[in-house]
Every structure is written in C-alpha cells, then in structure tokens.
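Here are some questions and answers about why certain labels apply in this structure.

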Amino acid sequence: MDVREIIARRAAQELEDGQVANLGFGIPTQAVNYLPESVTLIMHTENGAFGFGARPSYNTCNSDITNAGSEPVTLLNGGACMSLATSLGAMRNGYIDVTILGALEVDQEGNIANWAVKRNGMWWPGIGGAMDLTYGTKKIIATLQHTDKKGNSKIKKHCELPLTGKGCVKTIITEKAVFDIDAGQLILREVYPGLSVQDIQNITEAEFIVSSTLKEMTL
Amino acid sequence: MKSKVMPIEEALSVVKDGTRLMLGGFIDAGSPLVSIEKLVARNVKDLTLIAVTPGMSGFGKSMLYKNKQVKELISTHVGTSAESTEAYLAGELLVKEFFPMGTWIEKVRAGAMGLGGVLVPVGVGILDAEGLFPDLEKPKEVVEVNGVKCFIEPALTAEVAIVKAWRADTMGNLEFRGTSLNNNMDIAMAGKYTIAEVNEIVPVGTIAPERVGCPGVFVNAVVQGQKIDEQDELYKSVWLDRGKLVKEDINGRS
C-alpha cells in the first residue's frame, strides 16, 4: 500500500455519519473512497454548496456544477447551493464539523502551515479558504507524510513556515503514526504495524507522550 | 423602459487602461469568458484585477496575465494558473497583499453594501507578521471588539464589474445555475458600472421574481456570452483534456 493510501485509509476512520465535512485536495479527498458504508457525510465545497457528490459522467456533466478546484461534480438530493460569502461564513462560524487538510508542517502545539512557501525568494501565497477553515471548523485533522525527502521530521516543535491556523489541529495522521493534540500536548495514539515508539521518536522532532491505549493502526 | 441589452463591445468600452476591474467566477467556473476574450483582443493595459483566484491555466483570466494586461492582482491565491504564476515570479504582477477567501469576499461584500469595511478575526497574529507583505504602505490595523481581536479590512470596490449568469431579462435581472452563483451577485453590487454576461437573454417576466439571483437594479448592461450548449462543450473539453472528466464508451460506461 503506498504512503498516500495509508494516510487516506486511516483518515477515513476519523469521519462520522452525518458530519458536515470539507476535505482538502489530494489525500484528504481520497479519504472518501475508504468510508465505511454506514457513514454518509454532507460534503461542503467552499465555492458554494453543501451536499456535492461524485464526478458526473461526460453526458450528464453540467459546466455550472463545480467544486473548489473548478472540477465537475454532482449535487445530491438534499444538496444546497449558496453564495461564496455565505459559504465562507459557514466555515468561519463553526458550521463545518470536520476537515481533513494536507499540511506542509504541523507542530506539537497544534499549529498548521499549509499555504506559503518561498519561491525565488518571494512568498508564494496560496491561502484560499484554508485559513477560514482552520479558524472555524470543530475538528481539524492534518494529514502529511511524516518526514520530508531528506528525512527531516515535518512534525515540528514549532512550525517555521507562516501558519494557516494556531493551536487548532486535533489529530495528525501520517503513514507512520496517529497523534492527538490535547491540552497543549502531543499524544501518540497509534503506530503503523510493526513500528515501535522508539521508531516514531527517531523520525519526530516534536516532543510527545504515549497514550496509555497505544495501538497499531488498522487499515 | 430602455432595455439594458447591448453589444458586448459597447458595454466593454468602459474598461480602459488602468481600470480597477472586478471579475466574477471561481477559478473560471461561472466566469465571463467572452468578455475576457474581448478585453484580451482590445489589449487594455495596467488593469487592477480583483478576483477571488487568478483563474485556470490556459483559459479565461489567465489570458490577461499572459498578455501582460494586469498590473496588480487583489486575490486569495497567486498560483492557481500557470500564467499568473509566471507573471508573479517575473515581477510583472504586483501582489501587495492577499487575503483569506472569507476575508476577501467580505471586503467585496462591504463594498457591495456601502460599508466602509469589515472587522475580521481570521489570521490575526499570522497575517500581520513582519515581512509577509513587504509592499504594504502601512501595517494591517487590529482592533479588539467584544474581546476578539480583528483586522480592520477596508471595503473593496471597482470602477467596472463583469459578472456571469445563466440568463438575464432585458431589465438585467439575473438567474444563476448550480454553483455558478459563487461571488457573482456580490461583485455585481460592488462595481460602479456592472456588466452581466449571460448564456441567454429572455423577455421580462420569464424569470420569476423569486428565482432572480441578482436584481437587475444592480446591473447596467447585459451582454450575450456563449450559449449554454457552447459553454458546456467548452468546459467539458477542458476537463476531458485535463483528466477531470471521462468519456463513456458506447455502452455508457466510463
């Protein structure tokens, strides 16, 4: 199983039936493929809809029904369109239950950075709706690979990149581990099968404690 | 009553070099594509473009960056399109400031509603960090209201706004399809002169009052864009090309 699939499968387990969910692009969106049948979400897209569904077929595609990536989607029965202002207001004001976000870095205080990197010495801004989402959403799940290409931990003591949200992340899911952040503490909850706490310590810059109910991920 | 329908060239003549221009749409979904094409053909320069994202690569607004017509972009992203990315990195596209999407649309909405601005708590302590916006003339202002720290975010308005709707009547009442309402109604109200590009122009009375997504009072000119079938075909071909849509085989399977 590749790294992205591990993360997507594990992230799917965090979602509960009936939740209003906004999933970021990439791995987060992939998580819906692994939802158990008992879980139905109300999917929110920030361009302005609750209750969007899968990609349409070519023949039924409507060029005015799109997601936040301007890709064709469908609207399910019970879905609702709204203006962009209303949609972003819903995000800011706590109407979204859960979000899964890709992250560039996270840290032990629940900070997340996922919108700005430097390119040619210039800040490369791609902020979109991510900051509104981290501001208002009840449960924020950060998904990312545990280390960068050089093997450096992306779970830091302190994020170095500009933040998207402060102290907002509740759960961090990587291909190696699952952490919760509770009362300002990073808690190791699950490890990938076969890995030890020491293995996780070796690849994690952040300080963490180990949950008394530590277990292996089931995927 | 005089009809608001006019030839697209006539309506667009209000856009000149240096115009502060708002364009509706979300990454070029629900976007006034024909008007943009005409602006590219007219080659008006030094535009200040206010749009929620730069647009989609190879398409719509991106042609304005490719043709070096945009001096400054006021948006929530810089790089949703290859052309905007290239212009920004080459130093040809000024981005003094960018906003979280909810802040951006509330600034537009404040402009639409005749307010001086809005108080926004999102990003306080992050977006006012030193060095993040080197081109700002003065630092972002923060006030505390009801115990919450907020940025003072001044309203955004434009000399000309161009929006896209499904259909309009000759009084300028607009009806939208699907998610393509997005920011089009707020942008229509935030422009001093507002042009609505539509797929279909219908007689007054065709759009039931409760189906009007944007009252005609906010619209100065109605122009004919692509017919709805042409629009569907265009987007479908773009999506097919980019792997976002799959053509069914003869048995209807995709």
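Helices (H or I, at least four residues) and strands (E, at least two) are runs assigned by DSSP and numbered from the N terminus. This is a predicted model, in which local features need pLDDT of at least 70 and side-chain atom pairs count only at pLDDT 80 or more, while totals for chains, interfaces and linings use all residues. Residues are numbered from 1 along each chain as its sequence is written, and chains are lettered from A and ligands numbered from 1 in the order in which they are written.

Q: Why is Ala183(A) called exposed?
A: A residue is exposed if 12 or fewer other C-beta atoms, placed from the backbone, lie within 10 Å of its own, buried if 20 or more do, and partly exposed in between. Ala183(A), in the loop between strand 13 (177–182) and strand 14 (185–191) of chain A, has 5 C-beta neighbours inside 10 Å and therefore counts as exposed.

Q: What makes Asp28(B) buried?
A: Asp28(B), which lies in the loop between strand 1 (20–23) and helix 2 (33–42) of chain B, has 27 other C-beta atoms within 10 Å, and so it is buried.

Q: What is notable about phi of Asp28(B)?
A: Most residues other than glycine have a negative phi. Phi of Asp28(B), however, is positive, near 70 degrees, and Ala183(A), also not a glycine, has a positive phi of about 50 degrees.

Q: How do you know that strand 4 (residues 117–120) and strand 6 (residues 148–154) of chain B pair?
A: Two strands pair if DSSP finds at least two bridges between them, and these two, running antiparallel, have four bridges, with Val120(B) opposite Phe151(B) in strand 6 of chain B.
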